[in-house]
Amino acid sequence: MRLVNVETIIATLEQQADVYSQLLALAKEKTPYLVHNKVEQLNAAIQKERRLVKTAEELEQLRMRQCGQYFTNLGLLRYKGGKISEMIRTVTSHQDKKLLTDLHTTLTSLLEDLQMTSKLNQQLIEQSLKFIDYSIDLMVDDPNSDVVYQHPHSPGYGSNMRSGLFNTRG
């Protein structure tokens, strides 16, 4: 079993903070694409996001393994969960404790901001879908109504016509 030290875990946490920063910037970049219906840019951002999410997942798995090994090496089997706050309690070096505390704060803040931005983007998507549904409903006749051809010169022509979005007479 390879010995894992605090510096190794700190390096992984710094990589995670970098990836989460990139994800947050990308989530903020997507917001105007959603608002202005820029589909191509949105798709490109989503592709970047997928790669970053995969990297974030891999880093989290790595960090969990490293923390598990670190706690096992210390003989602290009850700390196998790998929480940063648990690790802060076990570190004796003041410098490492400060670095871990700062990284914990940074990661927590980044994840909260990412969650809020993602929630906003989700709301924008839902609003866009509702607007599209509403627009379609305005343009399409009721599918349950009978559609019957009438000659334009026949009496009553146009009396059953729907006054919808395209009514230009006002």
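Here are a few exercises with worked solutions on this predicted model.

**Exercise 1. The end of a helix**

Find out how the span of α1 compares with the span expected for a helix of its number of residues, and which residue just after α1 takes a positive phi.

*Solution.* Start with the helix itself: α1 has 30 residues. From its first C-alpha to its last, α1 reaches 44 Å, close to the 44 Å expected at 1.5 Å a residue. Next, step past the end of α1, where Asn-37 has a positive phi of about 55°. Asn-37 is not a glycine, and its place is in the loop between α1 (6-35) and α2 (39-74). To finish, check its surroundings: exposed means over 50% relative accessible area, and Asn-37, at 61%, is exposed.

**Exercise 2. Salt bridges within and between helices**

Work out how many salt bridges the whole structure holds, and which helices Glu-49 and Lys-30 lie in.

*Solution.* Searching the whole structure gives four salt bridges. One of them joins the side chains of Glu-49 and Lys-30, at 3.0 Å from N to O. Glu-49 belongs to helix α2 and Lys-30 to helix α1, so this pair ties together parts that are 19 residues apart in sequence. Both Glu-49 and Lys-30 are buried.

Now turn to a pair inside α2. Glu-58 bridges to Lys-54, with the closest N and O atoms 3.0 Å apart. These two residues are four apart in helix α2, about one turn. An α-helix has 3.6 residues a turn, so residues three or four places apart point the same way. Glu-58 is partly exposed, at 40% relative accessibility.

Helix α4 offers another case: Lys-98 and Asp-102 form a salt bridge, again with 3.0 Å between the closest N and O atoms. Lys-98 and Asp-102 are four residues apart, about one helical turn. Lys-98 is partly exposed at 47%, and Asp-102 is partly exposed at 37%.

**Exercise 3. An aromatic pair**

Decide whether the rings of Tyr-70 and Phe-71 are stacked or edge-to-face.

*Solution.* The count of aromatic pairs comes to one. In this pair, the ring centres of Tyr-70 and Phe-71 are 5.5 Å apart and the planes stand at 65°. Planes over 60 degrees apart count as edge-to-face, so Tyr-70 and Phe-71 make an edge-to-face pair. Both residues are buried.

**Exercise 4. A side chain and a backbone oxygen**

Find which backbone oxygen lies 2.8 Å from a polar side-chain atom of Thr-90.

*Solution.* Locate Thr-90 in helix α3 (residues 84-90). The oxygen belongs to the backbone of Met-87. Thr-90 has a relative accessible area of 18% and is buried.

Terms used
Residues numbered from 1 in each chain as written. Predicted model: local features only at pLDDT ≥ 70, side-chain atom pairs only at ≥ 80, totals over all residues. Heavy atoms only, no water. Buried < 20%, exposed > 50% of the residue type's maximum accessible area, 1.4 Å probe, protein only. Phe/Tyr/Trp six-rings, centres within 6.5 Å; stacked < 30°, edge-to-face > 60°. Polar contact = N/O pair within 3.5 Å; in protein donor to acceptor, adjacent residues only side chain to side chain. Expected span 1.5 Å × (residues − 1).
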